[in-house]
Amino acid sequence: MIWNEIESSRREDIEKLQLSRLKDTVDRVYTLTPFYKEKFNTLGLRPEDITTLEDVRKLPFTTKKDLRAHYPFGLFTVPMSEIVRIHSSSGTTGKPTVVGYTKADMDIWDEVMARVYTMAGASSEDIVHNGYGYGLFTGGLGFHNGAEKVGATIIPASGGMTDRQLMLMKDFGATILAATPSFSLHMAEVAKKAGPNYLKDYKLKAGVFGAEPTSKGLKKEVSEAWGIDYHEVYGLSEIIGPGVACSCKESDLLHVFEDHFLFEIIDSKTGEAVPDGKRGELVITSLTKQALPLLRYRTGDITSIIKEPCKCGRTTARMESIVGRADDMLIISGVNVYPSQIEHVIANTEGVTLNYQIIADKKGHLDKLEIHVEVSDEIMSDSLGEMAIIKKTIQSALLNNLYINANVVLVQPRSIARSEGKAVRIVDKRKDNE
Amino acid sequence: MNRIKQLSIFVENKTGQITDVTTLLSNNGLSIKSINLVDSSDFGLLRVIVDDEKKAKEILDENGISLKITDVFAVEIDDHVGSFNDVVTTLSTNNINIEYTYTVSNTKNGAFIFKVNPIEFDKVTQILEEKNIKILKGI
């Protein structure tokens, strides 16, 4: 089933629509956002210079830094009276990335999420168990609204409390699971304790999974553990939330909802376009967003796109599952973390810059974060208690500022591995295990 | 007051950490006069008194081992029942807070090592002398 016929339109029709929407968006931000007007003027660019889709390359980039610099609502193009929803990501030192939605934006979000659910085979007959966390994070409410839009019964279970979630899934007869892949697998591990025939208690047929980078192995494990089709959902709050692209039954590649989002793949160092099928950094321009339209947003995600039609009947461009990051961002249980944020928190907590290393690993199927901090003369103490307090203080500062649960381990000075004289800041053991 | 310089050395909670420290000290001809380990589940502190703390600090610093030099004092163990109690009672009746204490046994009768706030050292010297308790110059 295909939710909207645009998904299987002729490519020239899709591109025609994209161009007209791109022009509208460019006019909109030029007129309404001083930030973009200034950028256009610096580049000597006028909205009417955009006459083809390729002209998107003339437009300025937008980065996460730009969003932070205009915290909280500086890049909104509408008055707050038209904003009906705010979401936000975690941020360092209390400055998160804030996004806003008008009523029309919410309709678009519902629409693209309805396409996601339809791709997963969901209809009004289905019961969707939503195990994404509800709150400022776009996951919970994003997966919620789309399920309502297709008329399914939504169970807003939110995150945590595995045993209770399993009980609800059994008792309510959930047919579609929406959750992070790691949490889904964790739930499966717990469900398996009921015995080898544990699946007989569940009616699940498909799942919509996203919010964290997932290896092929993990996808297979989730799919097999629950005996369901695996549909991968890509999205980011800056663009809309979940619902930017999703994989269908026929292919592992994700169909991009191109009538709302214009994709480019660029070389992250030179900014030059990369041909179809080749990997590079994904850059997205919003085509229909009202409250916060972004031009050429640098996602930092590494992927590739192809435009061949899919067996499922859709003609939209398809992206590869994210293969990495252009920067050093880590995703820990769905929360985005930059090493520089961790450094900032440690420096603010202890008043000194300490040498540290971030070690991401898996405990079972859940992410586990360890932060090794070298004991310098400044924090060395003759008291075991004082040293333990340093460890606890850094841990709670990380939790309060970055929403991450990390175990801080004090280690000897210079014990953190160096590469060409520079400390190795990140060790991601999750990658080694794949 | 006769202060004794004690090294408090940070040790990670893993096999071979103490050996690393003691090997460095012995290979450099430093004599360990006393050694005392306290630990938590994650890490520990090795409190060591050596014959040349400056040299020991240099060597440990060079080898990337964290430490802090702390002033402590030693009291000779007078071989009678209640000798430790005499010392701590004297200190506590004079409101001196003992941060930690341990015993060493390499002097003739052994010694008690005490860590108190350094600003109290003169007061400690005075009150212990009044009770004829002997503070050692070294161990």
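The following dialogue examines a predicted model with two chains, A and B, and asks what supports each description of it.

Student: What makes up the fold of chain B?

Tutor: Chain B contains four helices and six strands. Along the sequence they follow the pattern β-α-β-β-α-β-α-β-β-α.

Student: Why is chain B called as compact as a globular protein of its length?

Tutor: The radius of gyration of chain B is 16 Å, and the globule rule gives 14 Å for 139 residues. The two values are close, so chain B is as compact as a globular protein of that length. Its C-alpha atoms fill a box of roughly 45 × 30 × 30 Å along the principal axes.

Student: How do you know what share of the contacts in chain B joins residues at least 24 apart?

Tutor: A contact requires heavy atoms within 4.5 Å. Among contacts in chain B between residues at least 6 apart in sequence, 70% join residues at least 24 apart. Buried residues make up 46% of the 139 residues in this chain.

Student: How does one describe the surface and the charges of chain B?

Tutor: Chain B exposes about 7200 Å², and carbon and sulfur atoms supply 44% of that area. The chain has 15 positive and 20 negative side chains, with the centres of the two sets 3 Å apart.

Student: What makes the size of chain A agree with that of a compact globule?

Tutor: For 434 residues, a compact globule would have a radius of gyration near 22 Å. Chain A has 23 Å, and therefore the two agree. The C-alpha trace of chain A spans about 70 × 65 × 45 Å along its principal axes, and the chain holds eleven helices and 23 strands.

Student: What share of the residues in chain A is buried?

Tutor: Buried residues account for 57% of the 434 residues in chain A. The accessible surface of the chain comes to about 18500 Å², and 51% of it belongs to carbon and sulfur atoms. Of the contacts in chain A with a separation of 6 or more, 65% are between residues 24 or more positions apart.

Student: How do you know that chain A and chain B touch, and which residues of chain A lose the most area?

Tutor: The contact takes 18 residues from chain A and 26 residues from chain B. About 1600 Å² is buried between the two chains, and carbon and sulfur atoms give 54% of that area. In chain A, Asp382(A), Leu384(A) and Gln412(A) lose the most area to chain B, together 45% of what that side buries.

Student: Why is Thr62(A) called buried?

Tutor: Buried means under 20% relative accessible area. Thr62(A) has 0%, so it is buried. This residue lies in the loop between α2 (34-43) and α3 of chain A. Beyond its neighbours within four places in sequence, Thr62(A) is in contact with several residues, including Phe35(A), Tyr36(A) and Arg296(A). Thr62(A) and Thr299(A) are 237 residues apart in sequence and 9.4 Å apart in space, C-alpha to C-alpha.

Student: Why is Glu264(A) also described as buried, although its value is 8%?

Tutor: The value of 8% is under the 20% limit, so Glu264(A) counts as buried. Glu264(A) belongs to strand β10 (residues 261-266) of chain A. Leaving aside neighbours within four places in sequence, its contacts include Val56(A), Arg57(A), Glu281(A) and Arg296(A).

Student: What makes the backbone of Arg296(A) worth remarking on?

Tutor: Most residues other than glycine have a negative phi. Arg296(A) is not a glycine, yet its phi is positive, about 45°. Arg296(A) is found in the loop between β11 (280-286) and β12 (297-303) of chain A. At 3% relative accessibility, Arg296(A) counts as buried.

Student: Is Asn132(B), which also has a positive phi, buried or exposed?

Tutor: Exposed means over 50% relative accessible area. Asn132(B) has 73% and is therefore exposed. Its phi is about 60°, although the residue is not a glycine. Asn132(B) lies in the segment after α4 (121-130) of chain B.

Student: Why is the bond between Tyr71(A) and Pro72(A) singled out?

Tutor: Most peptide bonds are trans, so a bond of the other kind deserves mention. The peptide bond joining Tyr71(A) and Pro72(A) is cis, with omega about -10°. Pro72(A) lies in the loop between α3 (64-69) and β1 (83-88) of chain A.

Notes
Residues are numbered from 1 along each chain as its sequence is written. Chains are lettered from A and ligands numbered from 1 in the order in which they are written. This is a predicted model: local features need pLDDT of at least 70, side-chain atom pairs count only at pLDDT 80 or more; totals for chains, interfaces and linings use all residues. Side-chain values use heavy atoms; hydrogens and water are left out. Helices (H or I, at least four residues) and strands (E, at least two) are DSSP runs, numbered from the N terminus. The radius of gyration is taken over C-alpha atoms; the globule rule is 2.2 Å times the number of residues to the power 0.38. Buried means under 20% relative accessible area, exposed over 50%, partly exposed in between (1.4 Å probe, protein chains only). Accessible areas come from the Shrake-Rupley method with a 1.4 Å probe; for residues, only the protein chains shown count as cover. Lys and Arg count as positive and Asp and Glu as negative; His and the chain ends are not counted. The place of a charge is taken as NZ of Lys, CZ of Arg, CG of Asp or CD of Glu. Buried area is the accessible area (1.4 Å probe) that two parts lose on being put together, summed over both.
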